[in-house]
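The report below follows the two chains from their cores to the helix pairs and the surface they share. Please read it beside the coordinates.

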Amino acid sequence: MNALEISRITKCFGDFYAVKNLSFCIPAGTIYGLLGPNGAGKTTTIRMVMNIIIPDQGSIKVLQRTIDEEMKENIGYLPEDRGLYPKMKVGELLIFLAELKGLSGQEARAQIDRWLKRFDLFDWKMKKVEELSRGMQQKVQFIATVVHEPELIILDEPFSGLDPVNTKLLKDIMLEMKAAGKTIIFSTHRMEQVEMICDNICLIDRAEKVLEGNLNQIKQQYGKNTILLDYEGDAAFIKSFEEISKIDDYGRYMEIKLKEQVDPQLLLNRVVGHIRVNKFEVREPTLNAIFIEKVGVRDEENSVSH
Amino acid sequence: MKKILSVIKREYIQIVRTKGFIIGTILGPVFMLALIVVPVALQFVAVDQQEKIGVIDETGEIFMGLDEKLDQRLKDGTRRYLLVNFEAAGPVDELKQELNNKVLAKELNAYIHIPEDISSGGEAEYVAEHVSDFNKRGNIGSALSSIVIGKRLRGEGLDPAKISEFMRPVGLATKKVTTRGVEKDTGGTFILSYVLVLILYMTLIFYGQIILRGVIEEKTSRMVEIVLSSMRPFQLMAGKIVGIAAVGFTQYAIWAIFGLAATRYSKGLITRAFPAAAGFEMPSIPSYIFIYFVLFFIGGYFLYATMYAAIGSMVNSEKEAQNLVMPVTMFLIIPILLMMFIIRNPNSTLSVILSVIPFFSPILMLLRICVLLPPFIQIAASMLLLGLTTLFMIWITAKIYRVGILMYGKRPHFAEIVKWIRYR
């Protein structure tokens with residue numbers, strides 16, 4: 001069963017295409033990464049799923065039903081541009097938002113207390129939102145997103161502004177929800193997070209889909225000709241090797257893409273003795289590399305055609 | 001609908017709870033009452049000190065009469081003015097010098113010099129340390145005049161009592177003729193109507209600003225998209241506008257209770273405190289004026305509230321909003337500037353036209369109703385136009401609002417807003 005089915009949606013603002021002929025499906029009980037550079041059309045897509053803006057063409061089905069206002073009670077949405085009424089008390093605000101999702105005051109209160117305790121915010125219930133730190137407000141926003149136990153949860157950059165401890169807590173909760181059969185759409189620019197969490201991804205660039213599918217399959221398609229090199233010393237000389245098609249140097253860590261049919265052992269033989277190799281791994285490319293390749297190539301194509 | 005109710009509840013509680021609302025609601029009527037009562041009350045505050053006034057009567061015939069005439073009493077029944085006769089043994093100027101010194105030494109509060117030729121055009125003098133109490137000067141002046149005039153009349157062989165009867169001024173009672181008959185109008189109705197119109201004007205601006213600020217806050221705090229994940233933009237806007245209308249009605253209700261209590265009990269209080277004000281009548285306002293007031297408040301409120309909401313959704317800060325708010329506020333100020341014209345010419349063609357124009361009608365038609373009840377057809381026409389315009393504004397604002405509220409950054413120009421309205 002698909003939790004979300006988007007087929008051929010298009011949205012224009014004037015003569016600007018925000019989303020163009022986009023289709024993808026999300027199987028229920030999975031975590032789906034919705035990726036793309038800034039301004040690619042992710043937020044517009046999510047807003048159309050939320051029925052906040054209406055597509056010019058195409059259809060969206062959430063939990064097998066065409067979207068309408070009632071569907072919103074089955075969806076939790078944490079927008080990227082998010083905030084809270086600064087003058088309201090945390091408890092009151094959460095009850096207000098839970099009521100908007102169709103919960104009664106009593107149901108909401110029990111759920112809210114449970115979540116506040118889990119996020120270590122229970123003592124802040126009677127405090128005004130403006131007295132909370134940014135990280136705390138993030139957690140309150142997350143509670144508001146899931147308090148009504150939605151079937152579909154959309155999280156747009158949920159980890160921004162969270163410390164490692166809270167990031168882990170949030171990630172654990174996401175995995176719990178997946179285990180409970182909920183579907184999560186996860187949108188972020190942090191590819192390593194997507195790599196660790198997501199089952200499937202869709203990469204959008206300039207209003208159009210450029211890559212979609214199961215994360216493992218996508219990586220396999222790119223083949224095992226990527227080398228991750230963890231090193232010490234001056235490795236600048238590697239860049240002049242002819243066998244290398246692409247290189248991404250971080251100073252102590254290098255991601256190297258070899259040309260087709262090149263044996264990785266060749267590279268290993270050449271570098272040994274020049275630098276200290278801590279780790280040499282042959283694998284499929286990172287999602288980060290795929291992202292840059294896909295989006296970067298399109299950029300070049302575009303600049304040529306202009 | 002349940003969601004709109006939640007929004008209404010939130011808006012209402014958040015505003016009613018603020019210190020600004022509580023202070024404004026309670027202090028508003030207190031302040032207005034003080035503005036009306038204090039000057040009136042001060043006029044009636046009795047001086048409770050007897051004043052000793054010297055009299056130099058060169059004619060020798062006026063002192064007795066003056067002493068009889070100036071018989072104003074203090075609260076405890078003693079005379080307000082105690083007159084002491086001084087006779088000039090030598091030159092009058094010497095005596096005057098002596099009395100000047102007595103006044104400075106506070107032995108006398110003042111003295112009056114009546115020259116010998118007072119009947120034939122001479123001028124009396126009132127000398128005191130301070131001469132700004134026009135009430136006292138009036139008492140003394142009119143007493144002196146009536147004595148001297150009486151003397152003159154008797155000199156010609158006429159009877160002062162008869163003459164003053166002949167000279168009695170003609171009364172000019174003002175009455176208002178309406179379809180329900182002739183009513184007495186003391187002018188108070190008019191003043192209170194004026195106050196009602198001003199209250200309407202001020203609350204329209206005040207609540208419009210609250211809505212403006214509310215929408216901008218929702219936008220700048222980035223709350224709006226979270227709320228929109230549960231409801232339509234229109235529901236949010238409607239809830240906000242209705243919630244704040246409820247705040248307005250709460251405020252009016254509290255003021256109305258104040259007002260009713262004031263008309264019910266204030267007369268007794270005023271009369272007890274200041275017996276002199278016993279004749280003071282609390283003006284009455286016909287109940288239809290209140291009904292129209294509420295109707296025009298509702299119409300005007302929704303018209304202006306939607307405009308303020310639209311502006312709030314277009315901008316990023318209150319500062320940015322000021323330029324856009326100006327024309328809207330002008331729509332409210334223009335009728336206030338036209339008020340005096342309408343009051344003087346309530347039925348002129350221009351007045352009729354102006355009071356039917358939707359943006360002006362809440363204030364101007366209410367004003368006309370207060371001054372002179374216009375034909376019902378005109379009232380109905382202005383209400384119909386107001387209603388239709390309001391519906392149109394709500395429709396167009398809803399379209400601007402749903403796009404604007406999610407737009408950050410540069411303020412849109414007119415062409416862009418037209419584009420927003422066209423979006424699906």
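Leaving aside its neighbours within four places in sequence, which residues is B:Ile211 in contact with? In this predicted model, the partners of B:Ile211 beyond that window are B:Lys240, B:Ile241 and B:Ile244, together with B:Ala305, B:Tyr308, B:Ala309 and B:Gly312.

**Nonpolar cores**

B:Ile211 is also one of the four residues, with A:Leu94, A:Ile154 and B:Leu366, that touch the most other members of the largest nonpolar core, a set of 133 residues. Helix 10 of chain B, which spans residues 287–314, gives this core its largest share, namely 15 residues. Separate from it is a second core of 21 residues, and among its members are B:Ile56, B:Ile62, B:Leu83 and B:Ala110. As a general background to such groupings, nonpolar side chains in soluble globular proteins tend to be buried together.

**The two chains**

Chain A has 306 residues, of which 37% count as buried, and its secondary structure consists of nine helices and 14 strands. Taken along the principal axes, the C-alpha atoms of chain A fill a box of roughly 70 × 45 × 35 Å. Of the contacts in chain A with a separation of 6 or more, 69% are accounted for by residues 24 or more positions apart.

Chain B has 424 residues, of which 29% count as buried, and it contains 15 helices and six strands. When contacts in chain B between residues at least 6 apart in sequence are considered, 73% of them join residues at least 24 apart.

**Where the chains touch**

Between the chains, 17 residues of chain B are in contact with 24 residues of chain A. On the side of chain B that touches chain A, the elements giving two or more residues are helix 1 (2–16) and helix 8 (224–228) of chain B. By class, that side of chain B has five nonpolar, five polar and seven charged residues.

Helix 1 of chain B also takes part in a helix pair across the chains: its axis and that of helix 2 (residues 90–100) of chain A come within 9 Å and cross at roughly 160 degrees. Because angles over 145 degrees count as roughly antiparallel, helix 2 of chain A is roughly antiparallel to helix 1 of chain B. The crossing of these two helices is left-handed. In it, A:Phe96, A:Glu99 and A:Leu100 of helix 2 of chain A meet B:Lys3, B:Ser6 and B:Arg10 of helix 1 of chain B, and the residues of this contact divide into two nonpolar, one polar and three charged.

**Helix pairs within each chain**

Helix 2 of chain A has a further partner in its own chain, helix 3 (residues 105–118) of chain A; the axes of the two come within 9 Å and cross at roughly 125 degrees. Helix 2 and helix 3 of chain A are therefore oblique to each other, and helix 2 of chain A passes helix 3 of chain A in a right-handed crossing. On the side of helix 2 of chain A, the contact is made by A:Gly91, A:Leu94, A:Ile95, A:Ala98 and A:Glu99, and on the side of helix 3 of chain A by A:Gly105, A:Ala108, A:Arg109, A:Gln111 and A:Ile112.

In chain B, helix 10 and helix 13 (residues 361–371) pack at an angle of about 175 degrees, with their axes 9 Å apart, and that angle makes helix 10 of chain B roughly antiparallel to helix 13 of chain B. From helix 10 of chain B, B:Ile289, B:Tyr292, B:Phe293, B:Phe296, B:Gly299 and B:Gly300 meet B:Pro362, B:Met365, B:Leu366, B:Ile369 and B:Cys370 of helix 13 of chain B.

The classes of the residues in the contacts are set out here.

| Helix pair | Nonpolar | Polar | Charged |
|---|---|---|---|
| Helix 2 of chain A with helix 1 of chain B | two residues | one residue | three residues |
| Helix 2 of chain A with helix 3 of chain A | five residues | three residues | two residues |
| Helix 10 of chain B with helix 13 of chain B | nine residues | two residues | no residues |

**B:Gly300**

Is B:Gly300, a residue of helix 10 of chain B, buried or exposed? B:Gly300 is buried, with 26 other C-beta atoms within 10 Å. Not counting residues up to four places away in sequence, B:Gly300 touches B:Leu200, B:Leu204 and B:Pro362. The C-alpha atoms of B:Gly300 and B:Phe360 are separated by 8.8 Å, although the two residues lie 60 residues apart along the chain.

Key
Residues are numbered from 1 along each chain as its sequence is written. Chains are lettered from A and ligands numbered from 1 in the order in which they are written. This is a predicted model: local features need pLDDT of at least 70, side-chain atom pairs count only at pLDDT 80 or more; totals for chains, interfaces and linings use all residues. A nonpolar core is a set of buried Ala, Val, Leu, Ile, Met, Phe, Trp, Tyr and Cys residues joined through C-beta atoms within 7 Å. A residue is buried if 20 or more other C-beta atoms lie within 10 Å of its own, exposed if 12 or fewer, and partly exposed in between; C-beta atoms are placed from the backbone. Helices (H or I, at least four residues) and strands (E, at least two) are DSSP runs, numbered from the N terminus. Two residues are in contact if their C-beta atoms, placed from the backbone, lie within 7 Å. Ala, Val, Leu, Ile, Met, Phe, Trp, Tyr, Cys and Pro count as nonpolar, Asp, Glu, Lys and Arg as charged, and the others, Gly among them, as polar. Axes are lines fitted to C-alpha atoms, for helices over the stretch in contact, and angles run from 0 to 180 degrees between N-to-C directions. Angles under 35 degrees count as roughly parallel, over 145 as roughly antiparallel, 65 to 115 as roughly perpendicular and the rest as oblique. A crossing is left-handed if the near helix is turned anticlockwise from the far one by less than a right angle, and right-handed if clockwise.
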